[in-house]
Every structure is written in structure tokens, then in C-alpha cells.
Amino acid sequence: MSLRHALLALLEAGPMTGYELAKQFDQSVAYVWHAQHSQIYTELRRLEGEGLVVAETLARGDRATKRAYTLTPEGLAELRSWVREVEELPAVRDSAYVKATYLEYVSFDEARAQFRAHRAHYEALRDRYELHADQLARRETALLRRRLAGSPGAAHDAIVAFKVHAYRGLIARARTEIEWANRGLELIDRLSDGGASPK
């Protein structure tokens, strides 16, 4: 996934200013793709330069202006082309698992701290994903309501179902990571009770 496609997908719901886009990004896409706001504004300028979005300058107060971005037909075609493409999944790069391979270099207490931190991270993610998935299922998020308002009624169930399915997958992944951390803690207990000692 690239940031540009996330922004195109957000704009498919309707015109937004850069500020609105950044806000909607934080409330939706940021669950699965992290980006700084400065990156969002930089990418918007690129998209505009490529004709995938157009910007309209609007008044903001008496003297200031703001720019509202709209998806162009070319931008929608690019979004659809990207969604259609079956991509090769990225190679695994996970520092937590590399580190777990070498926990014999630290004390049992230090190893436990690694697994506890891993578990706490994924518990927090699980809770965020569950809350968001429930909000999507109830059609309560502002962005989803906006997207549904601009889509034919026959498509509503699919629009909601695919989004909920994605977040349920993230919940399952988080639960797997939590279980892995728990098994790591159990492993340390067994090694410790058996008299094993790390270097």
C-alpha cells in the first residue's frame, strides 16, 4: 500500500481540505498505515501535479484561504487499478522476533520484559481495532457515513462488510501476537523452574 492510494481512497468519499484529509486519515487509515501530516501534504501536491486530484482555493475568514481537494476521473481509475492489482506480500522484517531468537543473552527478567511489552502493544492495538470495527459495523464513523451517502444503496452492505472484515483480520493478528507473547512468558517460566540460566 502507498500513501497516495490511501489519500485517493479518502477523497473518493468527497472533496476535503488538507486539514480534513489529515483528520480523516488519523481516524481511519492510520490504523493500518502510519504517516506524518507533513507527508500527507507533500503527497497531495504530487497527486495534484499528476492530475489525480484537483484543488480549489476557498476563502477561510476574511484574509486566509484553504484548498479543497477532489478526486479526478484519472485518480479514481488509479485507485481502482491499485485495488485490482494482486501484489506480492513484503518479506518479513520483525525486530521483536529477531530479538526473541537471542534472548539467551539477557536475564530471564529482561526477557520477560520484552514479551510483556510486546503483549501490551498488541493488547492496545486489539482494543483500538475492536472499537473501530464495531463502529464500522454500526455505520457510525463520519467517513463511512459520508461514503455511504455518495454510493448506491445496493453497494452499502459490501462497503461496510469489507471494511469490517479488514479490521477483524487485524484483531485476529493482534490476538495471535498476544498469545505468542504469553507462550514466551510460559517458556521463560519453564526454563527458570528447570534450572536453566541465560548467559
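Me: What makes Thr 70 part of a strand?
Reply: Thr 70 sits in strand β3, and a strand here is a DSSP run of E with at least two residues, while a helix is a run of H or I with at least four, both numbered from the N terminus. Just so you know, this is a predicted model: local features need pLDDT of at least 70, side-chain atom pairs count only at pLDDT 80 or more, and totals for chains, interfaces and linings use all residues. Residues are numbered from 1 along each chain as its sequence is written, and side-chain values use heavy atoms, with hydrogens and water left out.

Me: Why is Thr 70 called partly exposed?
Reply: Its relative accessible area is 31%. Buried means under 20%, exposed over 50%, and partly exposed lies in between (1.4 Å probe, protein chains only), so Thr 70 lands in the middle class.

Me: How far apart are Thr 70 and Gln 36 in space?
Reply: They're 21 Å apart from C-alpha to C-alpha, with their positions 34 residues apart in sequence.

Me: How do you know that Arg 67 and Glu 48 form a salt bridge?
Reply: Check the gap: N to O is 2.8 Å. The rule wants a side-chain nitrogen of Lys or Arg within 4 Å of a carboxyl oxygen of Asp or Glu, so this pair passes. The pair links distant parts of the chain, with Arg 67 in strand β3 (residues 64-71) and Glu 48 in helix α3, 19 residues apart. Arg 67, at 33%, is partly exposed, and so is Glu 48 at 26%.

Me: What makes Arg 46 and Glu 43 a salt bridge?
Reply: Their closest N and O atoms are 2.9 Å apart, and that fits the cut-off. Both belong to helix α3 (residues 37-49), three residues apart, about one turn of the helix. Glu 43 counts as buried because its relative accessibility is 8%, whereas Arg 46 is partly exposed at 45%.

Me: Which residues does Arg 126 meet in a salt bridge, and how many are there in the whole structure?
Reply: Arg 126 meets Asp 127, at 3.1 Å from N to O. Shared partners also join Arg 4, Glu 43, Arg 46 and Glu 50 into one network of salt bridges. A search of the whole structure finds 13 salt bridges.

Me: Why is α7 called roughly antiparallel to α8?
Reply: The axes of α7 (residues 142-149) and α8 (residues 156-193) come within 10 Å and cross at roughly 150 degrees. Angles under 35 degrees count as roughly parallel, over 145 as roughly antiparallel, 65 to 115 as roughly perpendicular and the rest as oblique. So α7 is roughly antiparallel to α8. (Axes are lines fitted to C-alpha atoms, over the stretch in contact for helices, and angles run from 0 to 180 degrees between N-to-C directions.)

Me: What makes α2 oblique to α3?
Reply: Helix α2 (residues 18-27) packs against α3 at about 125 degrees, with the axes 10 Å apart. That value falls into the "rest" of the angle classes, so α2 is oblique to α3.

Me: Why is Tyr 105 called exposed?
Reply: Its relative accessibility is 51%, so Tyr 105 counts as exposed. Tyr 105 is found in the loop between α5 (95-101) and α6 (108-137).
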